[in-house]
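Biologist: Could you take me through one part of this structure at close range? I would enjoy a slow tour that starts from one residue and works outward.

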Amino acid sequence: MEEVPKATLILLLSGVLTGVIFGFTLQHSRYCMNAAFRDVILIKDFTWFRAWLLALLVAIIGANLIEDLGILEDTLRRQAFAPVAAIIGGYLFGAGVVITGGCGSGILCRQGEGQFGAVVAILGFVAGIITTLHGLLNPALTFLRSFKVPIGDEYTPALWDLLGIEGMKWMVIGVVAAVIIPVVLKGKPFGKGSRKGWSWSLGGFLVGLIVVWAWWASNYWGGQPRGLSFIGPTSDLFMFILTGSSNAPFDPMFNIFGIGIATWSALYIVGVPIGSYLSAKGLKECKLTAPREPQELVRFFFGGLVMGIGGALAGG
Amino acid sequence: MGELSNMTPTDTLDVLGKVCPYPLVMTKKALEKLPSGAILKVLTDSPPSAEDSLPRLCEKLGYKFESLKNEEKGFWEIYIQKSLR
């Protein structure tokens, strides 16, 4: 551990607080990406879809702005385009989300609300991720991610690389914004919701801002722009807890008070349930609950497992 | 007490302990099976279902919706009347 830099108190706090703020925002607004797609199909309601679009727009503009302004030491760490892994992993992840009833950040958040089923789901989720990133399923990951498709000569392409013309980035972002803004405005984003907590639009806007913040903070404190991912960082946290080292292949790690070494991103995973707990307490929605039927717990574990494997295969 | 909760429900759906989205999916399915004018009573302890997805489902379908929260026990009794067509 000699060559690993020591984590400062401010580094630890910045990581945990990022998670606390994110968890608080998710719980207080009930922002849910699962609901964004589910409600469109199930009840033909676009409220959460609009919130997701708003978060996406704020994140795209903000992240690319801080990249172009040279605020980051590096470019945004874009992933290679590995369509086979993305499709298979994405499908498994989506199936796992439906079985469990929430995604990675969703089940972390539900722990804070006191749902014991979410704790079981996290166990499955962690098992799925670590098996895929570090264990028995790692050969499947390596195989599926070996089918990389470059666009031009760019192996980590962005949407604008499809056009094959330099300098089109902000033009493409402008077009995306022009499509998204009218859809968001149609949902009356400035109206007040009927229930307590924050409106969908405030939730979506803040989620987008936190994503941008995490791009900057992961670079500033974590040593590399990694953004607000959940699969890798969940692995980092639990590998740190179980083995003493996050064992992160690409990200800088820090010595945590001589106990072990972890990435900055592992810290916000700790913060999400804390933030959600604080929010749920405030809204009087925190209550220890558990499913009545044992098969529900099996479902949660299995859903979490499938979601973890799928998410890890897809690349986060 | 409101208008719907004073009436005898046609059917009761107990989804206590089930988390979002199951209360929504099961309520939607239960409503599909009921005749027009019937009242469905739903018991749920999932806040996003009780306060977010179920009211929006009823709003979309144009069904009457009434919600009574049992603050002490932390669950909701929800009454939905399938509109007459």
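Biologist: Which residues does Phe22(A) touch, not counting residues up to four places away in sequence?

Modeller: Happy to, with the reminder that this is a predicted model. Leaving out residues up to four places away in sequence, Phe22(A) touches Ser105(A), Val207(A), Ile210(A), Leu228(A), Phe230(A) and Val272(A). Phe22(A) is also one of the residues with the most contacts inside the largest nonpolar core, alongside Tyr31(A), Phe230(A) and Trp264(A). That core has 57 residues. Apart from it lies another core, this one of 18 residues, including Leu13(B), Val15(B), Leu40(B) and Cys58(B).

Let's turn to the rings. Over all chains, the structure holds 15 aromatic pairs. In the pair of Phe230(A) and Tyr268(A), the ring centres are 5.8 Å apart and the planes stand at 65°, so the pair is edge-to-face, as the angle is over 60 degrees. This pair links distant parts of the chain, 38 residues apart: Phe230(A) is in the loop between helix H9 (200–220) and helix H10 (231–243) of chain A, while Tyr268(A) belongs to helix H11 (residues 264–282). Phe230(A) has a relative accessible area of 13% and is therefore buried, since the cut-off is under 20%. Tyr268(A), at 0%, is buried as well. Ring pairs also bring Phe22(A) into the picture, linking Phe22(A), Phe230(A), Trp264(A) and Tyr268(A) into a cluster.

Helix H9 of chain A offers another stop, as Gly203(A) lies in that helix. Gly203(A) counts as buried, with 0% relative accessibility. Residues up to four places away in sequence aside, Gly203(A) touches Thr25(A), Ser29(A) and Tyr31(A), and Tyr31(A) is among the residues with the most contacts inside the core of 57 residues. From C-alpha to C-alpha, Gly203(A) and Ala55(A) are 8.2 Å apart in space, with their positions 148 residues apart in sequence.

Rings also meet charge in this model. The charged end of Arg299(A) sits over the ring of Phe300(A), 5.1 Å from the ring centre. Arg299(A) also lies over the face of Tyr22(B), at 4.1 Å from the ring centre.

Now for the chain around our starting residue. Chain A has twelve helices and two strands, and its pattern along the sequence is α-α-α-α-α-α-α-α-α-α-β-β-α-α. Among its contacts between residues at least 6 apart in sequence, 74% join residues at least 24 apart. Of the 316 residues in chain A, 52% are buried. A compact globule with 316 residues would have a radius of gyration near 20 Å, so the 19 Å of chain A agrees with that expectation. Its C-alpha atoms fill a box of roughly 55 × 55 × 40 Å along the principal axes. Chain A exposes about 14900 Å², with carbon and sulfur atoms supplying 72%.

Chain B, home of Tyr22(B), has two helices and four strands, in the order β-α-β-α-β-β. Buried residues make up 53% of its 85 residues. Its radius of gyration of 12 Å agrees with the value near 12 Å for a compact globule with 85 residues. The accessible surface of chain B comes to about 4100 Å², and 51% of that belongs to carbon and sulfur atoms.

Technical notes:
Residues are numbered from 1 along each chain as its sequence is written. Chains are lettered from A and ligands numbered from 1 in the order in which they are written. This is a predicted model: local features need pLDDT of at least 70, side-chain atom pairs count only at pLDDT 80 or more; totals for chains, interfaces and linings use all residues. Side-chain values use heavy atoms; hydrogens and water are left out. Rings of Phe, Tyr and Trp (its six-membered ring) pair if their centres lie within 6.5 Å; planes under 30 degrees apart count as stacked, over 60 as edge-to-face and the rest as tilted. Buried means under 20% relative accessible area, exposed over 50%, partly exposed in between (1.4 Å probe, protein chains only). A charge sits over a ring if NZ of Lys or CZ of Arg is within 6 Å of the ring centre and within 35 degrees of the ring normal. Contact means heavy atoms within 4.5 Å. A nonpolar core is a set of buried Ala, Val, Leu, Ile, Met, Phe, Trp, Tyr and Cys residues joined through side-chain atoms within 4.5 Å. The radius of gyration is taken over C-alpha atoms; the globule rule is 2.2 Å times the number of residues to the power 0.38. Accessible areas come from the Shrake-Rupley method with a 1.4 Å probe; for residues, only the protein chains shown count as cover.
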